[in-house]
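I set out to look up enclosed space, one buried side chain and one helix face. The entries follow in that order.

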Amino acid sequence: MAAASGFATSPNSQINCSSNAHRIRNSSYCSAACFPQRTRFFGDNVRYSVVVPETKSFRLFPRCEVASNAEIESKSSSLSALEILKTSAADRYTKETSSIIVIGLNYHTAPIEIREKLSIPEVQWSQAIGELCALNHIEEAAVLSTCNRMEIYVVALSQHRGIKEVTEWMSKLSSVPVSELCHHRFLLFNEDATQHLFEVASGLDSLVLGEGQILSQVKQVVKTGQGVPGFDRKISGLFKHAITAGKRVRTQTSISTGSVSVSSAAVELAMMKLPESSHATARMLVVGAGKMGKLVIKHLAAKGCRRIVVVNRTEEKVDSIKEELKDVEIVYKPLSELLTCAGESDVIFTCTASKTLMFSKDQVQMLTPVGSDVGDTRQFVDISVPRNVGPCVSDLDNVQVYNVDDLKEVVAANKEDRLRKAMEAQSIISEEVKLFEAWKDSLETVPTIKKLRAYAERIRASEVEKCLSKMGDDLPPNKKKAIYDLSLGITNKLLHGPMQHLRCDGTDNRNLNEILENMHALNRIFSLDTEMSVLEQKVRAKVEQNKKGAS
C-alpha cells in the first residue's frame, strides 16, 4: 500500500515527490488515505511514484465513519441513526487488522530546524517506546533517531487513531504544532514501511549512499529494545530482518565500495571551501570524540592534517584515538577551554549530543579573526542534531556555517554510479521484504490456533466432568487420571491435523496462502470469529489500563 502525508485531495493540495513517501499538503486536512501506486522507480537515492487518489478528501481524523446512504437505506427502517452508528463503530474493529506504520521526518521531507526539535537521544529510546505503547491504539513501537532522520515505527491497532495519537505525541515532545508536523512528515504502511526500513538499513536512503553507520544505528535499536515492554514480536522481527537485509546488500553488492560517511562528507566539504594551499596547514578543531568525532579525526588525518585539537568532556576517548593515529599530533583540551581553542582554529567541526548550543553569535563574534591563508573566513561544520552552532552565527562577516543538510553538495557527484548501485541492491531488498511479509502474515494464524485450542479444551473439560459425575464419587484417583489422560490424548490427536495446517515458517508463499485459507475455513466451521475481535479486546484493555493509571 502506498502512503500519503498531508492527506487531502482538495484542489489546493500540492503533491510533493521530493520525499520517500507520497505527500499531499493542506493545512486543513491531516488523515490517512490510500493511493494506488502506478509506477515505482529509484533515482538519485529517492523513490518517486505516480499516484492517483481513489478516495474523497476527509477531515482530520474523523471520530466515526458513518455508513453510506445506500447502506443505510438497505437496513431496516426501524433502526435508529444511533444504532447504525454503533454498528459502524463495532464493524471497524472486527474488519480492521493491526498495521505496521512508520511515521517520520527525514532529510528528504524536513529541514534540520524541524528535525532537531524531534531528536531523541539513544538513552531515551526505551522511555519513548514505553510512552508510545501507553497510547490507546499502539501495541508495539521503536524509535530510530539519527542526524538525518527521526522515524517512529509502530504496530497500530487502528491506522487512523494510531497515526493521530503518535503525531500528537511527537507534537508534545517537540512543541512543533501538529499542522506543521503533518506538513513535513511522511507515512508508510505495512509492506511500504518494511521496504523503507530495509532500504534505510542498506544505506539506500542515506544522504551518503551505502554509508555503514546507519546499519550500526539500526542494530542499536534492537540492542536498546531488548527486554523493553512494547518492543515485541512484530517490531523486533522487522528490525532484525532489516539488519539481515542490510548485511546482504553490503556483502552481495558493491553499494559500500568507495562509499563515504556523514563524517567524511563533512571533511570533504570543509576541504572544498578551503584554499587548496591551506589544506595541510589549516588549524583544525574537533568538538566531541564520540563515533562521529572519531571518524572526522580519521578523515582529517587521511587528508594530510598533522595536528588536530580535540575538545571533549573527558580525556579517555581522545587517548584511545591517539593510540590508533600515532602519526598525527592530537591535542586534548577540556570543555572549559572551548572558546579559547575556537579562537585559535580556522575550521571547527562540532559533533556532540549536546541539547544546548556550543557556539552563539555573541561568542563567535568575540573570537580572534582568522588569516588570509584560509580566505579570511572561519568555517563551522556542524554535523550535530540538534545543532551545536546557532543558525544566526552565519550572519557574521568572515564566518561560514554548514550543517548536515549542506552535505548534499558533496554527495551530488557520481549520480549515475549511485543509481546503478541502488538498482543492484533493490532485488535483494525485494526478496527480504517478501520473506518478512510472509513471516508476518503467518502470525495471523496465532489467534485462530489459540481460539481453536480453547474451544476444544472447553468441550473436553465439559465432557470429562459429565463422565466423572456419572461414575460416582468413589472412583479411584488412578482411574480419574486415566480418563483425563484419555480425553487429553484424543483432543490433541484431533487437533494435530488442523494445527499442522495452520503453522508455517513463512518461506513458501504458496503454502502461506493455503494456510490463510485454512485459517478462515476453521474460523467459519467452529464459529471462532463470533468472539470479540482480538483488536477490540486489546483496545478495551489499554483504555481500561490508562483509566486506572490516570485515577
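I took a cavity as a set of points, on a 1 Å grid over the protein atoms alone, where a 1.4 Å probe fits but cannot get out, with lining residues having an atom within 4 Å of a point. Grid points are joined across faces, edges and corners, and a volume is the space filled by probe spheres set on the points.

I noted that this is a predicted model, in which local features need pLDDT of at least 70, side-chain atom pairs count only at pLDDT 80 or more, and totals for chains, interfaces and linings use all residues. Residues are numbered from 1 along each chain as its sequence is written, and side-chain values use heavy atoms, with hydrogens and water left out.

Entry on cavities. I found four cavities of 30 Å³ or more; the largest holds about 80 Å³ of space. Its lining includes Thr146, Arg149, Glu211 and Val262. Helix α8 (residues 213-225) contributes the most to this lining, with three residues.

Entry on Glu116. I located Glu116 in helix α3 (residues 112-118); helices are DSSP runs of H or I, at least four residues, numbered from the N terminus. Glu116 is buried, at a relative accessible area of 16% (buried means under 20%, with a 1.4 Å probe and protein chains only). Its side chain makes a polar contact with that of Arg387 at 2.9 Å.

Entry on helix α4. I listed Trp125, Ala128, Ile129, Leu132 and Cys133 as buried in α4 (residues 125-133). Seen down the axis of α4, these buried residues fall within an arc of 125°, so they line one face of the helix; the arc is that of the directions from the helix axis to the C-beta atoms.

How values were computed:
Helix = DSSP H or I, 4+ residues; strand = E, 2+ residues; numbered from the N terminus. Buried < 20%, exposed > 50% of the residue type's maximum accessible area, 1.4 Å probe, protein only. Polar contact = N/O pair within 3.5 Å; in protein donor to acceptor, adjacent residues only side chain to side chain. 1 Å grid on protein atoms, 1.4 Å probe; cavity = no way out; pocket = protein on both sides within 12 Å on 5 of 7 lines; lining within 4 Å.
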